[in-house]
Amino acid sequence: MDKEIQDGSTSLLGTTDIVFIAVAVAAVAYFLFFRKKPEVETESFKRLSVVTPGRVGFDSNFIRRMNKGNKKMVVFFGSQTGTAEEFASRLSKDARRYGLKAITGDPEECDMEELENMGKVENGFAVFCMATYGEGDPTDNSQEFYDWLQQDGHNLADLKYAVFGLGNKTYENYNTMGKYVDKRLSEHGAERIFELGLGDDDGNIEEDFVTWKEKFWTSISKRFDLEPLGEDTVLREYNLEIHEDMSKDLIFTGEPQRLHSFEKQRRPFDAKNPYLAPIVVNRELHNGGDRSCMHIELDISDSGIKYEAGDHVAIYPKNDSETVERIGERLNVDLETVFSLKNIDEEASKQHPFPCPCTYRTALTYYVDITCAPRTHVIQALSEYAEDPKEKEFLKLLAKPTAEGKKEYSEWILKDQRSILDILLDTPSLKPPLDLILELAPRLQVRYYSISSSSKVSPTKIHVTAVLVNFTTKIGREYKGVATSWLKNMIPNDENPPRVPIYVRRSQFKLPRKSQLPILMIGPGTGLAPFRGFIQERHFQKKQDKPVGNCILYFGCRSKSSDYLYENELLDYKKDGTISSLHVAFSRDQPQKIYVTHLLKENFDELWNVISEGGHIYVCGDAKNMARDVHQMLLDVVKAKGNKTTSEAEAFVKKLSSQGRYSCDVWS
């Protein structure tokens, strides 16, 4: 019967019908198999990687670019917060003082395997400014380069190189990346032409870099027979272009990369395309006192953003509008002027220091850091615009790499916490062009906050716990934290809630997969933030009748009456058994100060039980003192309870860390 119907139907089809069916089939096939599918977010990840789209026509083969522009030096940077990139740019600009042409390179945008062909550049050499990120990890933009270096079989016999590492001695894995790159390049056959430099951000990384840089150029000058030019000439990297009648549709207004991305939001959201999250809650956590701590909730219900307890939320801040106005007034500049800064080198990978064109106001508000202490190269450039001889001489002294210059810079700039505005106010004859300041100032960086909620409990909101930074400097001026001072004034309302640009950065600071494993958390102050998310998740698991291991918290603050963060929540969790053991240290409620480390020392058995039962230990907060003291206590416990020598205890704790059972989310 079926065959009869099929035969009869076929006999009834005409030529027009056959053509129509063929077109329909082709359309369906295109829709199913060839149509470009919309981009969707994926929750699977190995490591958060920020890929910066290269500009049209950009050549990722740096060897070809070097030969095309007769450039002898390439400076690569592995940078997470912008400092390593800034140092690389300074080295590249310094090369011009020695008659050399140089380029900077982002390893993520360059064909790093071309290092094997450095012999094709006559007298060519490479410098690597490599920052260490997290627990001894490479920065996001140098991850692929790190993976490449790990492979065997590379022939770098024609590569001449030098490395400057950026790290912080308060962290256990100090300058791991710089040391690794230096070691692996040598092992692959490259020739080290200058000693490894190590900068310590806990000390004076600017002084470390300048000292290394001066010695580097002295050595390089001898090796390649270079003659340094004068220091007085201000070498510009960008040309200023003023736009008189430019359409508003072509002007950036604070977007980090894509023009109008804040007006037309498109998924997926990341570092280059942040989501404008509404602030729906902003309440004070402190009860009186002279300090402030905010509990902020960001609505992500319309974003598609996913997060897990322990992740970080990155917030793009904006500078204080009053400070911006004062800079404009001091330099007598119309802040509504539309301008661009265009790289003098058409082959440079970065054609603009920040999104251009924009107004001076936009640049000062969203794109450059105007509150940080200016580095010596900035002061050196500014000194040329001081009309008073004494002020000029003093500014030049601050920039000199001499013992006297370093001392004055440390005292007058660092300890007195002078910003670019402070320098302008304290040297009245200084009249630099604003575009020079914008060229030299570092980019305004995102601020990372440990998320203080669990997505199991709050899937559409990200919670942030942040202390307001606001104090008076030694010279009597108010210092306002860029992000927290801005967030403090973000008061929610139902009709038009304030919005802030955000994205989520994945973290390895995670709860164990097995909920029955015990956890011990040490987080004084806002170090409590990620643990609030952990506790929420353990409470969620408990309500689902999952087996939940012991949950031990050590928290510390100044006073029970003023800054005991989330006190009622923690006591409720303790009451219902989610928190099995709660230790709270109030440092100023008694004559003798008590910190979390004192309480931890009284409970060595509890700490050892967590370790021996396969549990996880977490530390969040101050890296310089608290985290270091906790690390030493951990070693002491392992030695005493595990009957181990010092070296055995160190190896044991290192293994805990490598297994993810001892995790730190700390800052200095």
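1. A residue counts as buried here when its relative accessible area is under 20%. By that cut-off Trp212 is buried, because its relative accessibility is 5%. Phe164 is buried too, with a relative accessible area of 0%. Keep these two residues in mind, as they come back below.

2. Before going further, a word on confidence. What you have in front of you is a predicted model. The protein chain averages a pLDDT of 90, and 91% of the residues score at least 70. Please read residues 1–55 with care: pLDDT stays under 50 there, and the model has 44 contacts beyond four places in sequence for this stretch.

3. Now to the aromatic residues. How many aromatic pairs does the structure hold? There are 31 of them. One is formed by Phe164 and Trp212, a tilted pair with 5.3 Å centre to centre and 50° between the planes. Phe164 belongs to strand S5 (residues 160–167) and Trp212 to helix H7 (residues 205–224), so this pair ties together parts that lie 48 residues apart in sequence. Another pair to look at is Phe269 with Tyr275: the ring centres are 5.0 Å apart and the planes meet at 55°, so this pair is tilted. Phe269 is buried at a relative accessible area of 10%, and Tyr275 is buried at 7%.

4. Phe164 and Trp212 also belong to an aromatic cluster. Its other members are Phe87, Tyr98, Phe194, Phe209, Phe216 and Trp217. If you colour these residues in the viewer, you can follow the cluster by eye.

5. Two arginines are worth a look for where they sit against rings. Arg418 lies over the face of Trp412, at 3.9 Å from the ring centre. Arg532 has its charged end over the ring of Tyr566, 4.3 Å from the centre of that ring.

6. Trp412 leads us to helix H12 (residues 403–415), whose buried residues are Gly405, Tyr409, Trp412 and Ile413. An α-helix has 3.6 residues a turn, so residues three or four places apart point the same way. Which elements cover the buried residues of H12? Among them are H7, helix H10 (376–383), helix H11 (389–399) and helix H13 (420–426). Just after H12 comes Gln417, with a positive phi of about 55°.

7. Next, a sheet. Six strands make up an open, antiparallel sheet in the order S14-S11-S18-S9-S10-S15. Strand S14 (447–450) and strand S15 (461–467) are at the edges with a single partner strand each, so each has one side without a neighbour in the sheet. From one strand to the next, the twist averages 40°. S15 pairs with strand S10 (residues 293–299) in the antiparallel sense, over seven bridges. To find your place in that pairing, start from Glu297, whose bridge partner in S15 is His463.

8. The model has cis peptide bonds that you may wish to inspect. One joins Arg267 and Pro268, with omega of about -5°. Pro268 is in the loop between strand S8 (238–243) and strand S9 (275–284). Another cis peptide bond joins Cys356 and Pro357, where omega is about 0°. Pro357 lies in the loop between strand S12 (338–343) and strand S13 (358–359).

9. Two asparagines with positive phi make a useful contrast. Asn175 is not a glycine, yet its phi is positive at about 55°. Phi of Asn332 is near 55°, again a positive value in a residue other than glycine. Which of the two settings is buried and which is exposed? Asn175 is buried, with a relative accessible area of 0%, whereas Asn332 counts as exposed at 72% relative accessibility. Asn175 sits in the loop between S5 and helix H6 (176–187), while Asn332 sits in the loop between helix H8 (321–330) and S12.

10. Last, a third asparagine. Where does Asn643 lie? Asn643 is in the loop between helix H20 (623–642) and helix H21 (646–658). At 69% relative accessibility, Asn643 counts as exposed. Leaving aside neighbours within four places in sequence, the contacts of Asn643 are with Val638 and Glu648.

Terms used:
Residues numbered from 1 in each chain as written. Predicted model: local features only at pLDDT ≥ 70, side-chain atom pairs only at ≥ 80, totals over all residues. Heavy atoms only, no water. pLDDT = per-residue confidence, 0-100. Contact = heavy atoms within 4.5 Å. Phe/Tyr/Trp six-rings, centres within 6.5 Å; stacked < 30°, edge-to-face > 60°. Helix = DSSP H or I, 4+ residues; strand = E, 2+ residues; numbered from the N terminus. Buried < 20%, exposed > 50% of the residue type's maximum accessible area, 1.4 Å probe, protein only. Lys NZ or Arg CZ within 6 Å of the ring centre and 35° of its normal. Pairing = 2+ DSSP bridges. Axes fitted to C-alpha atoms, helices over the stretch in contact; angles between N-to-C directions.
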